[in-house]
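Q: Could we go through the ligand sites of this protein together? I should like to begin with the metal and then turn to the surroundings.

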Amino acid sequence: MVDAGNVLFRKRFTSQTRRKEALMKIDVLLRAYEEMGYAAVNIGEKDLILGLGFLDEVAKRAKFPFISANLIDRKNRKTIFRPFITEDIAGIKVGVIGVMSRWVNEVLKEKEPYLEVLDPVVAVKPYVEELRKSCDLIIVLSQLGERGDRELALKVPGIDIIVGGSRGERIRYSKIRETLMYRLDPRGGYLGKLDLFLVRKGKPLHLTDYKQRDRIVKKVETIQKRWMKIEREIELDTGKSPSKRDVRMKGLAILERRVRELKKRVAEFDQRNLYKNEVIPIKLAIRDDPVIGEMIEGYEIELAKLYGIERAVERGPEKPLSDAQILASIPQGGAYRGAISCKKCHRRNFNAWSATEHAKATRTISEAFKQRPPSEDCLICHTTGYGDIKEYRFVEEVPLYLRGVQCETCHGPGKGHPGFGTKFRRVTLGVCRNCHTKDQSPAFHYKSYLLRIGCTIRK
Ligand code: HEC
Ligand code: HEC
Ligand code: HEC
Ligand code: HEC
């Protein structure tokens, strides 16, 4: 098990409590990774955003190594973390190297001036050359993006596999010369699995796609079926029509020759090292691991304790407010006007929407979390204007006029509407998919869901 990196946090902490929360979360993460048997985790640029001190603290707690071949100490020019690891797996010696992208140098110059990120090609090349002497398989964990990975594969021969972190690029696997390149969608939606079937050693191993063999095997099967059919036909009409029989016998001879050829080609694969790639979507149907589930439960209980006091302070008014009160709370000139301001002109839409699940979406979260604070991870989809207005952390922080999944999440911010030139965006499937993801809304079906949002659909 390996991870291409950027597993920690991107945001600085605004308080000691938040820092504590982050460390608690990281502890769960580290223990879960241990439980899953991670061999190494690459350091991504974003793992450095909270500072080297923090990362160092995290790395010390981990029982598996964080690696990076191109993050160095500016003064002594040595790597800060281990540049690579090696491990024996089923009689194969595997070397794993980590590498990150250079853009972070800009950030480091200000915040951690004694750190530097070297050019990936320059940094990785000597390690590959060194490892090539002893390792059968060399894997690079990279945060260079697709272009960077391509460049690395071309300029540094001898890398067998590059496991790339994703920046919203589509799921991909490709092969550049001898190097296999993989990347998956971000945020843990998929597990990538690579099986190697090795019949001989060699550096490099010269891996061939298993599918090529499969394709030929399938061809043989189809031909054999045809063959059997012809044989049956011959059996059925013996003696009746000799000339037809001759044609059939000739056909059989051709098929036989073809099968023999193909089988020979299949046999050639027995001499080759094969690989087989699988992308496994982490669907709801996949059962949670009981040990890790327990860790997460424990974390949530601790988190509730941590925020017990803070939440009482942040709690908003208990009584429902009148329309006038909510309207008065809307900031002048803001991009979002709130569903309540649409009400006076679009009463029908407003009333219909009010009866939908969307109107209740923020309440759902506070109910789901009666005994523990909701994480910001939920509020992204269960509120309006998340990110544009603010990155809410608690239900209490969500402005009253933006609770629920409102009109403006679908139609876009209402500022300036109605008026000359202000046009709402077209609501498309893509809009729904922002929130109705495979994980969160496995039953999502566009047409039937559209009928239940309260608005009139034109066609
Ligand atoms: C002052 C009255 C008024 C308010 C307030 C108002 N609208 Fe409208 N809305 C209109 C009028 C008039 C039209 C039709 C003319 C137009 O498209 O500008 C319209 C049209 C629309 C349309 C249809 C556009 C189309 O392409 O057919 C949508 C969607 C819409 N409004 C959404 C909203 C939302 C969301 C809000 C609240 C943020 C809102 N409106 C607030 C008056 C209003
Ligand atoms: C900002 C995020 C977001 C967007 C965008 C969004 N939804 Fe939703 N939707 C939700 C959430 C969250 C819920 C669950 C609300 C609850 O139960 O509290 C939901 C629930 C629903 C439900 C009710 C499902 C049920 O189980 O009864 C329907 C239907 C629905 N959405 C349709 C749509 C359609 C169609 C679109 C696109 C036109 C869309 N939604 C866009 C977040 C969103
Ligand atoms: C990526 C967007 C997204 C995120 C993040 C998200 N939700 Fe939802 N949630 C939805 C959508 C969409 C639905 C409606 C699903 C449907 O019925 O098809 C929903 C439905 C729900 C429901 C009601 C349906 C049910 O299963 O009973 C609950 C409760 C819920 N979410 C809780 C949460 C909590 C708690 C979190 C944070 C841990 C969270 N959600 C994070 C989008 C999201
Ligand atoms: C889940 C997404 C979603 C939400 C939330 C939503 N709408 Fe719509 N709305 C749509 C879609 C989709 C259409 C149909 C557009 C089409 O047919 O091209 C639509 C159509 C409309 C129209 C034009 C057709 C009609 O029904 O008269 C108006 C006006 C409108 N919406 C206003 C609103 C207002 C006001 C709210 C909030 C109270 C709201 N919408 C909430 C998705 C949404």
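The exchange below concerns the ligand sites of this predicted model.

Q: Which protein atoms are donors to the iron atom of ligand 4?
A: The protein donors are NE2 of H411 and SG of C455, which lie 2.0 to 2.3 Å from the iron atom.

Q: What arrangement do the six donor atoms make around that iron atom?
A: The arrangement is octahedral, because the angles subtended by the six donor atoms run from 86 to 178°.

Q: And where do H411 and C455 lie in the chain?
A: H411 is in helix α14, residues 407–411, while C455 is in the segment after α16 (446–450). The pair therefore ties together parts that are 44 residues apart in sequence.

Q: Is H411 buried or exposed?
A: H411 is partly exposed, at a relative accessible area of 30%. C455 is also partly exposed, and its value is 29%.

Q: What else surrounds ligand 4?
A: There are 18 residues around ligand 4, and those that come nearest are R348, C407, C410, H411 and C455. Four residues of the shell come from α11, which is the largest share. Both α11 (347–354) and α14 supply at least two residues each. By class, the shell holds ten nonpolar, six polar and two charged residues.

Q: Which polar contacts does ligand 4 have?
A: Among them, an N or O atom in the side chain of N349 is 3.0 Å from an oxygen atom of the ligand. A backbone N or O atom of T456 is 3.1 Å from an oxygen atom of ligand 4. In addition, a polar side-chain atom of H411 lies 2.8 Å from a nitrogen atom of ligand 4.

Q: Turning to ligand 3, what does the protein give to its iron atom?
A: The iron atom of ligand 3 has a single protein donor, NE2 of H382, at 2.2 Å. H382 belongs to helix α13, which covers residues 376–382.

Q: Now ligand 2. Which residues come nearest to it?
A: H358, T364, C432, C435 and H436 come nearest, out of 18 residues around ligand 2.

Q: What do the histidines contact there?
A: A polar side-chain atom of H358 is 2.7 Å from a nitrogen atom of ligand 2. For H436, the distance from a polar side-chain atom to a nitrogen atom of ligand 2 is 2.8 Å. The shell around ligand 2 draws two or more residues from each of α12 (361–368), α13, α15 (429–433) and α16.

Q: How does that shell divide by class?
A: The shell around ligand 2 has ten nonpolar, five polar and three charged residues.

Conventions: Residues numbered from 1 in each chain as written. Chains lettered and ligands numbered in written order. Predicted model: local features only at pLDDT ≥ 70, side-chain atom pairs only at ≥ 80, totals over all residues. Heavy atoms only, no water. Donors = N, O, S within 2.8 Å, 3.2 Å for Na, K, Ca; no water. Tetrahedral: all angles 85-135°; square planar, octahedral: opposite > 155°, others 65-115°. Buried < 20%, exposed > 50% of the residue type's maximum accessible area, 1.4 Å probe, protein only. Near = heavy atom within 4 Å. Polar contact = N/O pair within 3.5 Å; in protein donor to acceptor, adjacent residues only side chain to side chain. Nonpolar A, V, L, I, M, F, W, Y, C, P; charged D, E, K, R; others polar.
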